[in-house]
Amino acid sequence: MTGAYYTRVCDRILVEKLEAKGAVLVKGAKWCGKTTMAAHIAKSVVYMEDPAKKRQYLELADMNPAELLQGEVPRLLDEWQLAPKLWDAIRFEVDRRDEFGQFILTGSAVPLDISDISHTGTGRISSLLMRPMSLFESCDSNGSVSLRALFSKERDISGTSELTLDDIAFLVCRGGWPKAIGKSKKVALAQAPDYYDAVVESDISRVDNVARDPERARRVMRSYARSVASEATVASILNDVRTDENDSFSENTLRSYISAFKKIFVIEDGPAWNPNLRSKTAIRSSDTRYLVDPSIAAAALGVGPKDLINDLSTMGLLFENLCVRDLRVYAESIGGSVYHYRDKSNLECDAVVHLKNGGYGLVEIKLGGDKLIEEGASNLLKLRNRIDTEKMKEPAFMMVLCGIAPFAYKRHDGVMIVPVGCLRD
């Protein structure tokens, strides 16, 4: 399938947004496929990083940005943040033309200098966050169970998955990078480490022109990788990052590194979910640590598929990051967001998919095995019984999302068992 275009969940979202707004900003991590997707839909393109034209483009953006906006629409301006003046020019041109679907902007970082931006773009420019490919997008899930359908009245599910433990370990380490899809395992597994090296050696400094030590960046990423799926505090990460008592690495410095990683869409923590409960159980409000793709964690830890097979505890945490990535991709297509729940009694729900209309689904993530699946189902039922359904809706579904499970089915207690190799948007 070399050269083939893999359909992305964001394709439909981008088209829908273009139908309702003058311009759409597509943001997300480098290499996740923003430009390829946008160019697939655009009718004309300006590549701001084109070495042969970059200087001319930047000068034109500074002197006469409107000139760069002339062309068949929707017109794509790739890596627009290199010339922040384009933002106001696009907003003005959208107002002047008074038509939808005019421009697509793509960027893998927030603008370095926002002083040239005088308007937020509200009402004219919509935004779309794109992530690395989900298993359904990379054709590693057969898509027999639809998240969208689980929020409807059609909640009978069926499906089979042939993914093995070895397959899951490979998919965690390969990640959802488009350049890795459809390649030999050796080539596919080389992509995430290359991405990781570029991030810690240059991208983290280029994002805001603040020189940062690559070795310190690696230590921060390794600590974050060890903290995946936990509510690790900045203080605990700092203790993990410091090499000894005399290490001058401060909390403020650590926060600047984390902020830079977020600006280039490498870190994407999970916010806490705060439902109405029957009791006065205190809910933990800390974010849960996640990376935008599990392969970044594997690269930061220096582990491959065989290492994960030999350390199922670490594999389970990185598998949770994979599932959260996929749930975020699928939830985005139905206007939903993904949260994490934990209360002071340590009752936990790995993922809560919450829609804008108040509908929500509860998801426990388990690598596999009857004992873990049963534990996940028990947690879901406990949480459902704590929710005050007089103040909010019943959950649309309760799901144990598994790595290793042969079938997708609904249990007698209403809990759905779904292999990740069956799930789609």
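A residue is called buried when its relative accessible area is under 20%. In this predicted model, that cut-off offers a friendly way in, beginning with two cysteines. Cys-10 has a relative accessible area of 8% and is therefore buried, as the value lies under 20%. Cys-32 is likewise buried, with a relative accessible area of 0%.

What about disulfides? The count comes to zero. For Cys-10, the nearest cysteine sulfur belongs to Cys-32 and lies 7.9 Å away, and Cys-10 is in no disulfide. Seen from the other side, Cys-32 has the sulfur of Cys-10 as its nearest cysteine sulfur, again at 7.9 Å, and Cys-32 takes part in no disulfide either. A disulfide requires two cysteine sulfur atoms within 2.5 Å, so the 7.9 Å between these sulfurs does not qualify.

Attention now turns to strand S11, which spans residues 397-404. Seven of the eight residues in S11 are buried, leaving the strand mostly covered. Strand S10, residues 360-368, runs parallel to S11 and is joined to it by seven bridges. Within this pairing, Gly-361 has Phe-397 of S11 as its bridge partner. Helix H14, residues 370-386, belongs with these two strands: S10, H14 and S11 together form a right-handed β-α-β unit.

S11 also pairs with strand S13, residues 415-419. These two strands run parallel and are connected by five bridges. Here, Leu-401 finds its bridge partner in Val-418 of S13. Strand S11 is thus a helpful landmark for a newcomer, being joined by bridges to S10 and to S13.

Key. Residues numbered from 1 in each chain as written. Predicted model: local features only at pLDDT ≥ 70, side-chain atom pairs only at ≥ 80, totals over all residues. Heavy atoms only, no water. Buried < 20%, exposed > 50% of the residue type's maximum accessible area, 1.4 Å probe, protein only. Helix = DSSP H or I, 4+ residues; strand = E, 2+ residues; numbered from the N terminus. Pairing = 2+ DSSP bridges. Right-handed = clockwise from strand over helix to strand, strands pointing away.
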